[in-house]
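Here is a friendly walk through one protein chain, with an eye on strand pairing, charged side chains and a helix. Have the viewer open as you read along.

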Amino acid sequence: MRTPTVPPPIDPSSRIESPVQQWLAGRGWAAFEFQQEVWQAIAQGRSGMLHATTGSGKTYAVWLGILDRLLHDHPPDRGAEPLRAIWLTPMRALAADTTRALSQPLHALAPQWTIGQRTGDTPASERARQDRRFPTVLVTTPESLSLMLTRANAREELRSVEYVVVDEWHELIGSKRGVQVQLAMARLWQFNTRLVAWGLSATLGNLREAMEVLCQPAIAQGTAPEPALVRGRIDKSLVIDTLIPPEPGKYSWAGHLGARMQQPVVDEIAKSGTTLVFTNVRSQAEIWYQLLLEARPEWAGEIALHHGSMDKATRDWVEQGLKAGTLRAVVATSSLDLGVDFLPVERVLQIGSAKGVARIMQRAGRSGHAPGRSSRLTLVPTNTMELIEAAAARRAAYAGRVEERQSPDKPLDVLVQHLVTIALGGGFVAAQLYAEVRTAWAYRSLTQQEFDWALAFCERGGASLTAYPDYHRIVMNEEGVYHVPDRGIAKRHRLGIGTIVSDASMQVKYMSGANIGTIEEGFIARLRQGDCFFFAGKLLEFVRVREMAAYVKKAAKNKGTVPSWQGSKMALSTELGDAVLEMMQRAAQGDFFEPELQASRPMLQTQARLSRIPTPETLLVEAFTSREGHHLYVYPFAGRHVHLGLASLLGWRLARKQPNTFSMSVNDYGFELVSAQPFDATPVVDTSVFDTAQLLHDVLASLNSTELAQRRFREIARVAGLVFSGYPGQPKSTRQLQASSGLFFEVFRKYDEGNLLLTQAQKEVLSQELEISRLRATLKKMSKLRVDYVQLRHPSPMSLPLMVERFREQLTTEQLSTRLDRIIRDMENDPG
């Protein structure tokens, strides 16, 4: 295969009309200014980043520029071409839609060129065809691209690639999947130093950094043209409003308004065109699908459910129904967040808080998904605080206060996986690969010592696994080239490639064998024969488990539980938390002009009567004594992950000064500490307890950090290839995987203290589960605020949700309802 030659940059304006321009004119389309700017940059051989509104034409902005250059450099009348362009998408569901969009101009302008998909859903026959010859354009995922790099002739097959596009880059950049992309890009740039790469995004706050993360290999070599950052601005209106509940009330807690919003949501769907109803988690999607059917049984067949655990055939049917406009509404999770083009969708409803500005804008863009059409998202609050949050979210979105996303810093589990991948893909020389890996943004500060440790870990399994041949995954030959010596190791590695780690799941099947979807093993383990549950919109009765499949039948009973999937709850972003406090300050000043503030006025006025309203300049701290003990409520508005760390830290520091035992509860707005013994709150009032000195030591001491690290290590062990999930059709159970990773964890702790994967586990606990950098910033901010300390006679509207969080773990639904009725009655009788 010949090495591609790249001619000098061309100026599109120097030609009268290119084939791409003719194709556009034939369809009656005219390019936007930002699209022309992208085409010019690509013609100059520049990589870059395009940030533009969802539905504004990002795909064609980049693709037509690439196609124009390909047609110029490789005239299509010469026949078929090798693989020239790779389009990376974060979701398999997005691949088919993207392929259709790219195919239209490709087939019209270069009918002899081919386009294909390569994802986990690609049939074996198509994979075999691609193995013989890759198409000219390939739409694929990060995992499938990494698999391509394991092929022995990867260099010969992929050196022809001239363009790589990473779609929805904001969705990848902050995760290990994004790091996987960075390493693959570093490899492709090493194959072809003139490679051009572009990232696409609609919702990112740190655009220039995101561009540099993607283009770092080209920047590092110092010879490529400067990357181009293009911001697409077109007249496309974004409408964000709120479905105001009829009677929000003075008090609320999580889910308080949920079912009460059933009829208003039904009414909105009835008077709208095709509607997407987004929820944050799959269990909530199941609940709302049932609520809609309960209210309008005649809509059966016109409304549908969509989430990642459902069978692919069902999801495909739902997506085609959305495209065709045959469905009235679809209740979905983030499975429909990204890029798929559903032109008939006119309306988006968001059930509950979206937790972040970027997510609101992303989901709003699912409606009016075309240039010139308005995108509309309506927020549906499930508690009164979410009314205030809705107004804050709208203001932040209109002001463009979008969250930033940072790349992980040198995750060694991904590096270990990559070393074995490249050893399979033709082998590597250690010094050369070290230099190559350091061109990836995430590993730009990787030391020689860290690389050598990862290399030795792949070669010998570290200090504690040397005696086990299965962990001798690479060896060096006489020429100094590392390769994989064992076919079994190679097979297991290819099956385990990727960085997405989730709890083991089971197939859910009817007794006839028909597949319904997948569900977490832990949920099935809690069921007894005859138990009923809702799944994929159906009420099912559990029958038995056999060979890692849960067999069910349609249930005759009228009620069931709802599956609860693992995964951390989304946390309120810093940008949205700050916006909520600004909105509350307006309320504290008597400004209730926003409709959401007017609706939440009774709750805010009750909060002001019994306590204070928090503001950006103040830190509200409430104290209360009840029969449970002594309560302390603190409201930093920093999100539940940070609040978990803060609650643990403050409880530990307060108990260190005065021995005590605290229990806690957290939500996105604040946290509660409860102790049986009274304690001195002075360190909180004078802010001395918020000191950041010795923060890392105190956080680790305040938590069961070993337990947290062991849980995190399971994921690291899977990515690093220590734990094998099983062959197709023979998956290992969660218990087996946990036992295996736990064994490695203990062995490394006892016999291999220098194992850097252990260090990584602790680091990930701090950075991801506790958000240590955000926790530190929150502490610094809290120490500068004026503390409003209030001794409560009764729980305030803001403290009540934290009480409910704790009560739910202790009381039945009936007991909780009785308890809340009494608390609210006492609050109402307090004259203030």
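Alanine 623 has leucine 632, in strand 22, as its bridge partner. In this predicted model, strand 21 (residues 618-626) and strand 22 (residues 629-635) run antiparallel to each other and pair over 7 bridges. As a reminder, the strands of a sheet pair through backbone hydrogen bonds, in a parallel or an antiparallel way.

Both strands belong to an open sheet of 5 strands, ordered 23-24-22-21-27, in which the pairing is mixed. Strand 23 (662-666) and strand 27 (786-791) sit at the edges; each has a single partner strand, so one side of each has no neighbour in the sheet. From one strand to the next, the twist averages 20°. Helix 31 (residues 800-807) lies across strand 21, strand 22, strand 23 and strand 24 (671-675), and runs at about 115° to strand 23.

Now for the charged side chains. Opposite charges on side chains can pair when the charged atoms come close. The structure holds 36 salt bridges, and the table lists some of them.

| Acidic residue | Basic residue | N to O distance |
|---|---|---|
| glutamate 143 | arginine 177 | 2.7 Å |
| glutamate 298 | arginine 296 | 2.5 Å |
| glutamate 594 | arginine 394 | 2.7 Å |

How many residues apart are glutamate 594 and arginine 394? They are 200 residues apart and link distant parts of the chain: glutamate 594 is in the loop between helix 21 (574-588) and helix 22 (595-599), while arginine 394 is in helix 15 (residues 384-398). Glutamate 594 and arginine 394 are both buried. They also take part in a network of salt bridges that links Arg394, Arg395, Arg586, Asp591, Glu594 and Glu596.

The salt bridge between glutamate 298 and arginine 296 has a partly exposed setting: glutamate 298 counts as partly exposed at 47% relative accessibility, and arginine 296 is partly exposed with a relative accessible area of 27%.

The side chains of glutamate 143 and arginine 177 form a salt bridge too. This pair also links distant parts of the chain, with glutamate 143 in helix 6 (residues 142-149) and arginine 177 in helix 9, 34 residues apart. Are these two residues buried or exposed? Glutamate 143 has a relative accessible area of 15%, so it is buried; arginine 177, at 14%, is buried as well.

That leads to helix 9 (residues 176-191), whose 16 residues reach 23 Å from first C-alpha to last, close to the 22 Å expected at 1.5 Å a residue. Helix 9 is mostly covered, with 15 of its 16 residues buried.

Note on methods: Residues are numbered from 1 along each chain as its sequence is written. This is a predicted model: local features need pLDDT of at least 70, side-chain atom pairs count only at pLDDT 80 or more; totals for chains, interfaces and linings use all residues. Side-chain values use heavy atoms; hydrogens and water are left out. Helices (H or I, at least four residues) and strands (E, at least two) are DSSP runs, numbered from the N terminus. The expected span of a helix is 1.5 Å times one less than its number of residues. Buried means under 20% relative accessible area, exposed over 50%, partly exposed in between (1.4 Å probe, protein chains only). A salt bridge is a side-chain nitrogen of Lys or Arg within 4 Å of a carboxyl oxygen of Asp or Glu. Two strands pair if DSSP finds at least two bridges between them. Axes are lines fitted to C-alpha atoms, for helices over the stretch in contact, and angles run from 0 to 180 degrees between N-to-C directions. Contact means heavy atoms within 4.5 Å.
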